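User: Please pick one part of this model and look at it closely. I would like to know how its pieces are arranged and which residues bring them together.

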Amino acid sequence: MSFASTTSLGLSTVQSSLRNAFFSKKSNFSLPLPAAAALGLFCSMDCDPNCTLVLCGKSPAENEAAKALKNSNALKLPESTEFSIFLQSESERPVKEDAFGVDSFMSSLSTSRFGRFLLWSPRLPSTHDVVSKNFCELPVGAVCVADIQYKGRGRSKNVWESPEGCLLFSFTLQMEDGRVVPLIQYVVSLAVTEAIKDVCDKNGLPYVDVKIKWPNDLYLSGLKVGGILCTSTYKSKQFNVCAGIGLNVDNEKPTTCLNAFLRELSVTTYKFRREDVLAAFFNKFEMLYEVFINQGFQSLEEVYYRTWLHSGQRVIVQEKSEDQVVENVVTIQGLTSSGYLLAIGDDNQMCELHPDGNRVDTLNF
């Protein structure tokens, strides 16, 4: 995809030889994966600290695991948040009509590992904090879903409140090779866009062309509709990765959402449902993740480049030289092996582009 415009990017460059990512094996080492989990939403206000968690699994064995976890009282939430735990099979609490449909999600899920163990809450501080703080208590592939979260995590310690209508979830996975951990956010981003395509195909919908904005945002018709946050710690020779996703499904503010796009087309009364999108996501992610682990991200690059916004884009890179800012025009070629942008200058010199703080998130490509 070619872009005629030239854009100023908050990026730093690494000239000449391209560097492979290397992460030292320290206990509880946090990987600086670029991310923005929530969707340009609302700053949090003082909130009711009481929360409810509902646990369930897809199979009888996973339901037994949910029961054991409830009985162990091992789950914890950040900042001493008060919460109650229920099993879905035992809970008699009334569920709002627009609450996440656990049964519908499970019936559409066809994975062998991811998404099969579910924690759902109508209101949480952060799904990401739930899975990251309880990683060792949860089975790998477990997912936490919230209808509303009021302390969602973004870049540079930003705090966000997420309105109703967002699909808000975080899940767990484990990886052994630290060199490829930074690339997992691209697999997650790709799985989201492929899931949306799958839902469209199954329901005879027009193509909803959600695009990936590097490194971790999702765009629709030039507006941000989603974001990805991936964090990792190193423990017992494994990288414990928590992946968080926010996607505007049925909330038009503050930007737009999938259902608003469908309404503009005026060709269908169908509405995207969070349960369908989440099940489609895990069905796609499990397949993409297997390819990624066994064959490397190179095997996914072709479909990734068809989905992102940047192939052939010319950008202005700002670099500091002593006390001056020097601007150079480069053309984006793709991704480096370490997951940064690969670009070529007008002098034919290859360079690697790195995000500079939050600035890359605020630019319109």
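Analyst: An axis here is a line fitted to C-alpha atoms, for helices over the stretch in contact, and angles run from 0 to 180 degrees between N-to-C directions. The model is predicted. With that angle convention, helix α6, residues 274-295, runs at about 25° to strand β9. Helix α6 lies across β9 (166-175) and also across β6 (143-146) and β13 (238-248).

Those three strands belong to an open sheet of nine strands, ordered β4-β3-β5-β6-β9-β13-β12-β11-β10, with mixed pairing. At its edges are β4 (83-87) and β10 (211-213), each of which pairs on one side only. From one strand to the next, the twist averages 20°. In general, strands of a sheet pair through backbone hydrogen bonds, in parallel or antiparallel fashion. At the β10 edge, the partner is β11 (residues 217-220), joined to β10 by three bridges, and the two run antiparallel. Within that pairing, Lys211 is opposite Tyr219 of β11.

Now the helix pair. Two packed helices are described by the angle between their axes and by the distance between those axes. The axes of α4 and α6 come within 8 Å and cross at roughly 130°. An angle that is neither under 35 nor over 145 degrees, and not from 65 to 115, counts as oblique, and therefore α4 is oblique to α6. The crossing of α4 past α6 is right-handed.

The contacts between the two helices involve mixed side chains. From α4 they include Ile184, Val187, Val188, Ala191, Glu194, Ala195 and Asp198. From α6, the residues met include Asp276, Val277, Phe281, Lys284, Phe285, Leu288 and Phe292. An α-helix has 3.6 residues a turn, so residues three or four places apart point the same way.

Gln185 also sits in α4, which spans residues 184-202. Its relative accessibility is 1%, and because buried means under 20%, Gln185 counts as buried. The side chain of Gln185 reaches the backbone oxygen of Pro182 at 3.4 Å.

Helix α4 has a further role in the packing, as part of what covers the buried residues of helix α5, along with β11 and β13 among others. Helix α5 covers residues 258-265, and its buried residues are Leu258, Asn259, Ala260, Phe261 and Leu262. Just after α5, Ser266 has a positive phi of about 55°.

Methods: Residues numbered from 1 in each chain as written. Predicted model: local features only at pLDDT ≥ 70, side-chain atom pairs only at ≥ 80, totals over all residues. Heavy atoms only, no water. Helix = DSSP H or I, 4+ residues; strand = E, 2+ residues; numbered from the N terminus. Buried < 20%, exposed > 50% of the residue type's maximum accessible area, 1.4 Å probe, protein only. Polar contact = N/O pair within 3.5 Å; in protein donor to acceptor, adjacent residues only side chain to side chain. Pairing = 2+ DSSP bridges. Contact = heavy atoms within 4.5 Å. Left-handed = near helix turned anticlockwise from the far one by under 90°.
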